[in-house]
Amino acid sequence: QVQLVESGGGLVQAGGSLILSCAASGRTFRRYAMGWFRQAPGKEREFVAAFSWSGLNTDYADSVKGRFTISRDDAKNTVYLQMNSLKPEDTAVYYCAAGLMVTTTTSPSLYQYWGQGTQVTVSS
C-alpha cells in the first residue's frame, strides 16, 4: 500500500502564499499519478492539480491556473503544491492522492490512495 501525509496548511490572509507537502511511503517505486484535490464543507471534492503517471505532464484547474504550481522531489518521495495569490474561495481541506492506471488525472474516483488532508483557510 501507499501512505500519504499532507502538511503545510494553515491560516493565511488573501494574497498570501502557502506550500503544501505530500510525503509518500510504501511502494513508492511504482509509477503513480499524483494529484491535489480540495473539498469545502458540504461541497464536492474538486480537482486542483496533478502529475500524470509519467511525471511528464501536469494539469491544473482553471480556478488555480497561474497561481498554483505542482512540483515533486522523487528523491524525497514528496509532492508539493505551491499556492500563491490565495483567495478566500481557496479555503478548503486539501488532499493529496495517488493512483495507478489513472487515465484522467482530474477524476478523483480513479485514485486509490488518499491522505488525511490539511486545512487551508484564507481570510479577507
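**Note on the disulfide and the aromatic pairs**

1. Cys 22 and Cys 96 are both buried. The structure discussed here is a predicted model, and these two residues form a disulfide in it, with their sulfur atoms 2.0 Å apart. The two cysteines come from distant parts of the chain, since Cys 22 belongs to strand β3 (residues 18-26) and Cys 96 to strand β9 (residues 92-99), 74 residues apart. The link between Cys 22 and Cys 96 is left-handed, with -80° about the S-S bond, and the count for the structure comes to 1 disulfide.

2. Strand β3 also holds Ala 24, a residue that is buried because its relative accessible area is 19%, where buried means under 20%. The C-alpha atom of Ala 24 is separated by 9.5 Å from that of Cys 96, although the two residues are 72 residues apart along the chain. Once the neighbours within four places in sequence are left aside, Ala 24 is in contact with Gln 3, Leu 4 and Asn 77.

3. Turning to the rings, a search of the whole structure finds 5 aromatic pairs. One of these is formed by Tyr 32 and Tyr 113, which meet edge-to-face at 6.2 Å centre to centre, with 80° between the planes. Tyr 32 lies in the loop between β3 and β4 (33-39), while Tyr 113 is in strand β10 (residues 113-114), so this pair ties together parts that are 81 residues apart in sequence. Tyr 32 counts as buried at 10% relative accessibility, whereas Tyr 113, with a relative accessible area of 23%, is partly exposed.

4. Phe 37 and Tyr 111 form another aromatic pair that is edge-to-face, at 5.2 Å centre to centre and with 75° between the planes. Here the partners are Phe 37 in strand β4 and Tyr 111 in the loop between β9 and β10, and the pair therefore ties together parts that are 74 residues apart in sequence. Both Phe 37 and Tyr 111 are buried, and ring pairs link them with Phe 47 and Trp 114 into a cluster.

5. A last point concerns Arg 45 and the rings beneath its charge. The charged end of Arg 45 sits over the ring of Trp 114, 4.7 Å from the centre of that ring, and Trp 114 is one of the residues in the cluster already described. The charged end of Arg 45 also sits over the ring of Tyr 95, at 3.9 Å from the ring centre.

Note on methods. Residues are numbered from 1 along each chain as its sequence is written. This is a predicted model: local features need pLDDT of at least 70, side-chain atom pairs count only at pLDDT 80 or more; totals for chains, interfaces and linings use all residues. Side-chain values use heavy atoms; hydrogens and water are left out. A disulfide is a pair of cysteine sulfur atoms within 2.5 Å. Helices (H or I, at least four residues) and strands (E, at least two) are DSSP runs, numbered from the N terminus. Buried means under 20% relative accessible area, exposed over 50%, partly exposed in between (1.4 Å probe, protein chains only). Contact means heavy atoms within 4.5 Å. Rings of Phe, Tyr and Trp (its six-membered ring) pair if their centres lie within 6.5 Å; planes under 30 degrees apart count as stacked, over 60 as edge-to-face and the rest as tilted. A charge sits over a ring if NZ of Lys or CZ of Arg is within 6 Å of the ring centre and within 35 degrees of the ring normal.
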